[in-house]
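User: Hi! I would like to learn how to read strand pairing and cysteines in a model. Could you walk me through an example?

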Amino acid sequence: MTIESDPSYPAHWEADVVLRDGGTARIRPITTEDAGRLVSFYEQVSDESKYYRFFAPYPRLSDRDVRRFTHHDYVDRVGLAATIGGQFIGTVRYDRIGPDGRPASAPADEAEVAFLVQDAHQGRGVASALLEHIGAVARERGIRRFAAEVLPANIKMIKVFTDVGYEQKRSFEDGSVHLTLDLEPTAESLAVQRAREQRAEARSVQRLLTPGSVAVVGVSRSGAGVGAAALRNLRDSGFHGHLYAVNEAVTRDLLDGVRAYRSIEAIGAPVDLVVIAVPADRVPGVVAACGEQGVQGLVVLSDGYGESGPAGLARQRELVRQVRSYGMRLIGPNAYGVINTAPEVELNASLTPAPMPMRGRIGLFTQSGAIGIALLSALLRRGEGLSSFISAGNRADVSGNDILQYWYDDQSTDVALMYLETLGNPRKFTRLARRTAAEKPVVVARGGRHTPAGHVVPGTRLPEATVSDLLRQAGVIRVDTVTELVDVGLLLASQPLPAGPRIAILGNSESLGVLTYDACLTQGLRPLAPLDLTTAASPQDFRAALVSALASEDCDAVVVTAIPWVSELALADELADALREAVAEVPGKPVAVVHVELGELVDALSAERGPWAPGPRTPDAPGAADGPTAGRIPSYPAAERAVRALAEAVRYGQWRRSLAEVGRVPEYEDIDEAGAAAQLAGLLADVDGGAVLTLAEWDARELLGRYGIRVLPALPAPSPDAAVRAAGILGYPVALKTTAPHLRHRADLGGVRLDLRDEAELRRSYEDLTALLGKPSELQPVVQAMVPRGVDTVVRSVIDPAAGAVLSFGLAGVASELLGDTAHRLVPATDRDAAGLIRSIRTAPLLFGWRGSAPVDTAALEELLLRVSRLVDDHPEVIGVSLEPVVVATEGLSVLSATVRVAHPPARGDLGPRTLPSY
């Protein structure tokens, strides 16, 4: 028997998935304990669906059928089930077959596959999700092709197969459609999978933010407490749907003017969203009631979970399992709540009291409730509204990745602001952020470098600078503080993107203009000479100067500086109107205002009035939104803050424009991918599952050679005579160097001797080396042939547990290490990534002819980076590559040393089938 507690049970095949309509289901292997569930499932399938599955009337399963469909070896015969509430809603199975179509075992690499989905759940994407997962299982078990027989009338199932994106063959034989699918993932199949993932996850968030009915569980009769506050905020926000209060001890029909019930079941009407504010020990009972009543989503305000210690963390994991088992999504626990300002919804299911934030074009996601309060207050003070707000607390289920999926095609959101304490899966986050940032700005502030209590996500070992590099590569605007988050968001929400870095500065204070000029230089912008209008300047003088600056072809953006007049109150409105008139007369360039103690001007600039509102937002002018933000000009109390926001907009605009040049991953004809795979399989055959193997020098050289990366051989020299023999083999001149771990790659410590032209020089250097640094047994000296002089560089790739494969480049040497002068890109790297990688380090001028030196062969260096990227992308077993040093000469390069680490790859990753994270 195979049960879930059996060691042979493949637990890593279990997964929670989001279906097409936004609900969830659990996919898991079918076991011998599922006989009753299988029979019950089959009884609920229509006769037509049974006919399509078995090609004949098949009203019930025989005992033999039940045994066959529940007994698997999980190698040649595998069955998976999609479940909700513990009950089957769909099944899929494969049986390995030989060339004659009969049952077979490995090395046969083809299997027959068949599905059955309950009629009530057809159209939800159950079969598509099952196909993704059974395909991944099959590849893991050495199966390369699926064969399927489908009746021509079964159009839905034919579409499941044809839409998946795999290479396939189709024929009509003996009255049925015969399909053969090649299971090797293709660019098309990956694109199909990602598109389905986006639609499903976006829909799941949309259901949370646009409920037709909401119930709050845990509303006190006294009106005190979190539940009562959430109910009042929902009521006072003007929520357009049905609203219910739940208190198990309620004795009257109304609580705070809202219909009250003792339980979810007692409501007697559909409830889409439930806000839970009861003690943690009572939450499971509420969740079960919600699941039985078909509730779609939960917002759990209750605390006492992961933030409270190990017991709370266990309670939190169980909560997620329970919620997903019923097909629901969860915001929280320990959440602050959600807000949707859409006029047809007006939902404030949060602890934010009235007045509800006004409607705007900014979407805001936070993990921290306290930071959420601060951000909402800051936006309100500066006259900005929101499209949606989600404060996810411990984000045990719905995360920033889900929200990005929703914002990607949300027409009400022009700018995405995110305060994140952890990234969770940076690889998926950067993938989603890159796609979203191509349409609208994504601004991220990170709260810390370590995983806080309650956020049970896999941590990243990458340095903070590396994570920032990867985020910027994805087009994310990375800021350091919540103040900068608001500053940048305000500019992007109300202004078009600048076309370049040229900044005009004008105002009524020469000193403030100079401060702004200096701030521009600090941020890498190109400021023009400030225009001093003098303290006597009137609002019309400002207007005329701004019109002139905006009309000039010499600037891309304008910063207006203003200090108080004697009659500040009288002129603030006039100045705001004058500036807006100028922007309306010459639109298309961003304007920011720097003020000193002009609070009334801030209010006036953020007010909604005047006929000079910019037109609708266009792809060429993101941020110039219509609606609530129209006509607003962002203002800042310090020049540095305004310029920092403007600089981020400039850099983001440059990134957006760079998308027009799409990079590619080159193909190299000399790569032996199959040979590398076979070599890795042999090397790892006797390695335990969790162990890491550092390859011997000759194995590393062979593996790298299969990808066209030649490592210069180094011959051991345990004695002077051995060194001389090695030099005789390699030919003079040679290099003598130590390979001891504490001296490796440390030429500054004297462990390297170069250009040794004969035996006498070699013996003398050997004697000096051992006298200075220690015995040969400690130094582990080697001899290498000399290579053309050039610039010493380092190429590395590592597999981070959360971010995936990362490619890194820098110059060799202590100085670069101390300065952290290393650049990074995600794998697979394109040709544009490789070119940008070598140019993004601060010491890059040394590669391009600094101070009259000859430029080195950067084309060869880019090719090496791309080959390393291909190696680690093609073979997830390769978890670390270090090439140091790589000497790049004027023509060609030489890899002098290589270290390769390998391990058994994880069973699943971001490139696997769609699945919700399981922490």
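Analyst: Happy to, and keep in mind that this model is predicted. Let's begin with one residue pair: Gly79 has Arg93 in E4 as its bridge partner.

User: Which strands does that part of the model join, and how many bridges are there between E3 and E4?

Analyst: The general idea comes first: backbone hydrogen bonds pair the strands of a sheet, in either a parallel or an antiparallel way. Here, strand E3 (residues 77-84) and strand E4 (residues 87-97) run antiparallel and are joined by eight bridges.

User: In what order do the strands of the open sheet lie?

Analyst: The order is E1-E2-E3-E4-E5-E6-E8-E7, eight strands with mixed pairing. At the edges are strand E1 (15-18) and strand E7 (168-173), each of which pairs on one side only. From one strand to the next, the twist averages 25°.

User: Which strands does helix H1 touch?

Analyst: Helix H1 (residues 35-43) packs on the sheet and touches strand E2 (24-29), E4 and strand E5 (110-117). The direction of H1 makes about 105° with that of E4.

User: Now the cysteines. How many disulfides does the structure hold?

Analyst: Zero. Take Cys520: its nearest cysteine sulfur belongs to Cys555 and is 11 Å away, whereas a disulfide needs the two sulfur atoms within 2.5 Å.

User: Is Cys520 buried or exposed?

Analyst: Cys520 is buried, because its relative accessible area is 0%, and buried means under 20%. Cys290 also counts as buried, at 0% relative accessibility.

Technical notes: Residues are numbered from 1 along each chain as its sequence is written. This is a predicted model: local features need pLDDT of at least 70, side-chain atom pairs count only at pLDDT 80 or more; totals for chains, interfaces and linings use all residues. Side-chain values use heavy atoms; hydrogens and water are left out. Buried means under 20% relative accessible area, exposed over 50%, partly exposed in between (1.4 Å probe, protein chains only). Two strands pair if DSSP finds at least two bridges between them. Helices (H or I, at least four residues) and strands (E, at least two) are DSSP runs, numbered from the N terminus. Axes are lines fitted to C-alpha atoms, for helices over the stretch in contact, and angles run from 0 to 180 degrees between N-to-C directions. Contact means heavy atoms within 4.5 Å.
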